[in-house]
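Work through the exercises below with the model open. Each task is followed by a stepwise solution.

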Amino acid sequence: MTSLAQQLKRLALPQNDPSLLSRKDVASLLFDPKEAAGIDRDTFFALGCTGLEELLGIEPLFEEFQDTLFSPASKNLERSVQTKEVNQRLDAGISLFLTRLSPYFMLKPAQKCLEWLIHRFHIHLYNEDSLVACVLPYHETKVFVRVIQLLKTKDPTHRWNWLHAIKKPGVPLPRSTVITHCYKNLSFLDFICSLVTKSIKAYSGSSGNCAQLRVIFSFYASTIVLALDAVEKITDALIAKLLPYIQKGLKSPLTDYKAATYMIASQLAVKVVMEPALVNTLALQISSSLSQDPAMPREGLGCLIVLLQNQKEGCLETK
């Protein structure tokens, strides 16, 4: 890399963004930029803490963030001058918080928390992927657009540049656009699939069937199923990207995750003729999921029937 290229790359770092140095316009989810410029740090902090307290009344797992992202010490943490190790720990904490926040994003307390993280930790510059993951299931809402308007997406090489078109008009992102990008960009398909696995991991300490994640499972199932239906040809690369998530879903004890997986596996079976070995593997895994968790016999058997009816005859091994 040339000296000039290194300088340009350094200038593109979040800490060199001119918006961090300006008090005329301050990035904000809840306020007009000029109004936000007149609000002091203590007020933003109080707003965030109020939001966290309200969320704790709904979800106790947010308690751990009282001592980190929402602690009094966080008011004086300037991440642009911290070491790489400190920022990595901070990023991990922010990522976990945003993953847990996603099911509650449309609630005002959640948006109050985001306001503090945007103001203090500049998550719209440093944690773009985690922030988009948090809000993506709500892409048809105006508050989603408000979040996207905070991102710096103008560069054509930026991962989220395809969202740039909705920033100026401020219109919600159509489902058709998400679906098209999903099957045209396998990295984005993987991003959507990983929303589910990361969310399940983030709520692994929660009791029950992770009912709070239903909005995530619903977004995952509807998007992937419609993408599989819309794509002209299912490629081996697409199957290879999707298959590990299907296998995880079939093994999952979570009913909603398994139901979403049955839908995706069925659509895949309808759309493409798979290799006999893969059909055999999927059939065995679906059968195993039925025996381990008989909560959804109709859905599981339906998926198995669709799989076998749409594949080559005699593809199953006899035992």
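**Exercise 1.** In this predicted model, classify Arg120 as buried or exposed, then find its salt-bridge partner.

*Solution.*
1. Arg120 has a relative accessibility of 2%. Buried means under 20%, so Arg120 counts as buried.
2. The side chain of Arg120 meets that of Glu78 in a salt bridge, 3.1 Å from N to O.
3. This pair links distant parts of the chain, 42 residues apart. Glu78 sits in the loop between α3 (41–56) and α4 (84–101), and Arg120 in helix α5 (residues 108–121).
4. Glu78 is partly exposed, at 31% relative accessible area.
5. Arg41 joins Glu78 and Arg120 in a network of salt bridges.

**Exercise 2.** Which parts of the chain does the salt bridge between Arg214 and Asp256 tie together?

*Solution.*
1. The side chains meet at 2.9 Å, N to O.
2. Arg214 lies in helix α11 (residues 214–230) and Asp256 in helix α13 (residues 255–271), so the bridge ties together parts 42 residues apart in sequence.
3. Asp256 is partly exposed, with a relative accessible area of 22%.

**Exercise 3.** Describe the largest nonpolar core and the surroundings of Phe97.

*Solution.*
1. The core has 100 residues. Phe97, Leu98, Tyr220 and Ile224 have the most contacts inside it.
2. Domain 1 (22–167) and domain 2 (180–310) each supply at least three residues to this core.
3. Leave aside neighbours within four places in sequence. Phe97 then contacts Leu52, Phe62, Phe65, Leu69, Phe70, Cys113 and Leu117.

Note on methods:
Residues numbered from 1 in each chain as written. Predicted model: local features only at pLDDT ≥ 70, side-chain atom pairs only at ≥ 80, totals over all residues. Heavy atoms only, no water. Core = buried A, V, L, I, M, F, W, Y, C linked by side-chain atoms within 4.5 Å. Buried < 20%, exposed > 50% of the residue type's maximum accessible area, 1.4 Å probe, protein only. Domains from an automatic or database assignment. Contact = heavy atoms within 4.5 Å. Salt bridge = Lys/Arg side-chain N within 4 Å of Asp/Glu carboxyl O. Helix = DSSP H or I, 4+ residues; strand = E, 2+ residues; numbered from the N terminus.
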